[in-house]
Amino acid sequence: MASNFHLSETEINKQRHYMSLVRAFTDKPRYVYIKTFGCQQNEADSERLCGMAEEMGYQRTFDPAVADMILVNTCAVREHAELKALSITGGYKKYKEKKPDMILGVCGCMVAQEHRKDDIKNKYPYIDILLGATLIHRFPEIVYTTLCNGGRNFWIDNELSVIAEELPVKREAGAAAAWVSVMYGCNNFCTYCIVPYVRGRERSRDPQKILSEIRALISDGVREITLLGQNVNSYGKDLDRNYDFSDLLRDICAIPGECVIHFMTSHPKDAGHKLIDVMAENPAQKGKVGIACRLHLPLQAGNDRVLKAMNRHYDFDKYMSLITYAKEKMPDIALTTDIIVGFPGETEEEFLDTLNALKAVEYDNIFSFIYSKRKGTPAAEMADQVPDSVKQNRMKRLLDLQNEISRTKNAKYVGKTVRALVEGISKTDSSRLTGRTEQNKIVHFEGPTSLTGSYVSIEVTSAEAHALYGNIKK
Ligand code: SAH
Ligand code: SF4
Ligand code: F3S
């Protein structure tokens with residue numbers, strides 16, 4: 001069952017050849033530093049960039065001052081993300097001045113936009129490489145070209161439909177959690193969103209390749225796997241047999257071993273009862289591969305006119321009926337969403353529908369964003385852009401309401417026992433450890449750091465909006 005998007009043998013061999021040419025350039029140790037912005041897809045891409053860099057003789061460093069190559073993997077989803085990436089890149093100029101041979105590369109979604117090319121050419125003369133998000137498989141070639149010929153190599157997206165899975169990936173050794181991309185790209189063209197323009201069309205990986213990657217990760221001791229795609233529920237539409245995301249989940253859960261499977265993101269227009277049924281039939285449990293009892297289902301807005309203007313293809317009633325079905329099948333399910341406030345034309349009444357939606361669904365947590373104009377998207381051209389002060393005010397009211405809901409939902413865990421994967425020392429209190437439950441709840445508790453990477457049972461003693469607190473159960 002193949003998809004048409006896989007890289008050809010010839011292209012893979014060509015890039016492998018470039019990797020060996022770069023490796024042969026010098027015997028001296030070389031280091032690569034990678035700074036990643038944006039979503040999990042970008043994190044996964046950085047793992048691949050790191051894998052290819054390693055094949056080319058660059059070891060990963062976490063200190064940009066010693067790097068022979070610095071890569072900034074950028075995001076374009078909101079203006080703030082672009083500004084942050086540009087400002088950090090500006091900060092790397094000092095390393096380039098000290099070490100002129102150092103290669104400074106900017107890759108990812110921001111530089112998959114044609115208008116960025118001139119912009120960066122003029123304002124950032126010290127950047128050597130631009131490599132758009134869907135050209136990542138040509139990374140070895142661009143490094144080789146830069147080493148041989150010098151000059152500035154700016155390759156902006158022109159191949160929007162490639163799957164680059166055969167090239168090496170470097171995951172953190174011994175890590176208990178891993179990302180696995182199941183598909184790339186997006187066909188939905190929500191009117192506010194830049195992703196389809198920078199990541200290209202939807203393309204699904206071959207299920208057999210996904211299953212064997214997951215089998216290998218589980219036998220390496222990985223305990224939590226997050227399946228990635230901009231819209232995982234349209235997985236399989238481009239495959240040459242009837243096989244969808246729920247079928248893939250079912251096959252993953254039949255793999256022997258123990259692992260908790262998470263996935264993101266689900267689009268409400270494509271998620272249905274079949275998905276919920278597979279989740280309910282395959283709960284995460286000791287000794288098995290199962291699915292985490294949580295669903296991230298981005299609503300974006302609670303008002304039907306706004307949803308239509310966003311081109312989301314569902315209304316609130318349809319969304320709510322799926323939530324009701326999920327709660328019936330899995331009463332403990334943790335629900336999360338993305339919300340945009342201040343979409344062009346959003347009135348106060350329409351915004352109130354979003355607040356009402358939060359109350360109706362009772363999310364465990366929300367990811368909320370102030371609408372940001374993205375060049376080239378339809379919403380950027382819409383009349384009635386909402387003033388900044390109004391957007392800020394709506395954001396504050398949204399967060400205040402959600403904090404209250406999250407606190408009430410978390411309070412229900414007090415007195416109960418939860419299973420959590422220990423992540424390590426708490427960032428806010430070094431006397432405590434932090435763990436994460438399958439519902440993606442953060443739990444703080446006391447215990448030895450040697451527990452990192454293992455599961456513990458925690459008796460919850462108190463709860464706040466964003467965390468649970470408790471003691472290890474003997
Ligand atoms: N594919 C995923 C989301 C990808 S982007 C999905 O459809 O759910 C992550 C989130 O960023 C989106 O869900 C949306 O809430 C937000 N977002 C995207 N474009 C935005 C913009 N122009 N302004 C503000 N938020 C945006
Ligand atoms: Fe963007 Fe919509 Fe695609 Fe998500 S589904 S990536 S919000 S266009
Ligand atoms: Fe950002 Fe690209 Fe992800 S725009 S959100 S890094 S797909």
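1. Let's start with the surroundings of ligand 2: by class, its shell holds seven nonpolar residues, three polar ones and one charged one. Keep in mind as you look that this is a predicted model. The residues around ligand 2 are Cys186, Asn188, Phe189, Cys190, Tyr192, Cys193, Val195, Pro196, Gln230, His267 and Arg312.

2. Now turn to ligand 3. Gly38, Cys39, Asn42, Cys75, Ala76, Val77, Cys109, Arg199 and Gln230 surround this ligand. Sorted by class, the shell of ligand 3 has five nonpolar, three polar and one charged residue. You will find Gln230 in the list for ligand 2 and again in the list for ligand 3.

3. Next, a sheet to trace by eye. Strands of a sheet pair through backbone hydrogen bonds, and the pairing is either parallel or antiparallel. Here four strands form an open sheet in the order β7-β10-β11-β12, and the pairing is parallel. β7 (177-181) and β12 (289-291) are at the edges with a single partner strand each, so one side of each has no neighbour in the sheet. From one strand to the next, the twist averages 25°.

4. It is worth zooming in on one pair within that sheet. Strand β10 (residues 224-228) and strand β11 (residues 259-264) run parallel and are joined by five bridges. One residue to look for is Thr226, whose bridge partner in β11 is His262.

5. A helix also belongs in this picture. Helix α8 (residues 207-219) lies across β7, β10, β11 and β12, and runs at about 175° to β7.

6. Two packed helices are described by the angle between their axes and the distance between those axes. Try this on helix α1 (residues 9-23) and helix α6 (residues 139-149), which pack at about 40° with axes 8 Å apart. α1 and α6 are therefore oblique to each other, and α1 passes α6 in a left-handed crossing. On the α1 side, the residues that meet α6 are Glu11, Lys14, Gln15, Tyr18, Met19, Leu21 and Val22, and their counterparts in α6 are Pro140, Glu141, Val143, Tyr144 and Leu147. This contact comprises eight nonpolar, one polar and three charged residues.

7. How do the axes of α10 and α12 cross? Helix α10 (residues 273-281) and helix α12 (residues 316-329) have axes that come within 10 Å and cross at roughly 20°, which means that α10 is roughly parallel to α12. The crossing of α10 past α12 is right-handed. His273, Ile276, Asp277 and Ala280 of α10 make the contact with Leu322, Tyr325, Ala326 and Lys329 of α12. Five of these contact residues are nonpolar, one is polar and two are charged.

Conventions: Residues are numbered from 1 along each chain as its sequence is written. Chains are lettered from A and ligands numbered from 1 in the order in which they are written. This is a predicted model: local features need pLDDT of at least 70, side-chain atom pairs count only at pLDDT 80 or more; totals for chains, interfaces and linings use all residues. Side-chain values use heavy atoms; hydrogens and water are left out. A residue is near a molecule or strand if one of its heavy atoms lies within 4 Å of it. Ala, Val, Leu, Ile, Met, Phe, Trp, Tyr, Cys and Pro count as nonpolar, Asp, Glu, Lys and Arg as charged, and the others, Gly among them, as polar. Axes are lines fitted to C-alpha atoms, for helices over the stretch in contact, and angles run from 0 to 180 degrees between N-to-C directions. Helices (H or I, at least four residues) and strands (E, at least two) are DSSP runs, numbered from the N terminus. Angles under 35 degrees count as roughly parallel, over 145 as roughly antiparallel, 65 to 115 as roughly perpendicular and the rest as oblique. A crossing is left-handed if the near helix is turned anticlockwise from the far one by less than a right angle, and right-handed if clockwise. Contact means heavy atoms within 4.5 Å. Two strands pair if DSSP finds at least two bridges between them.
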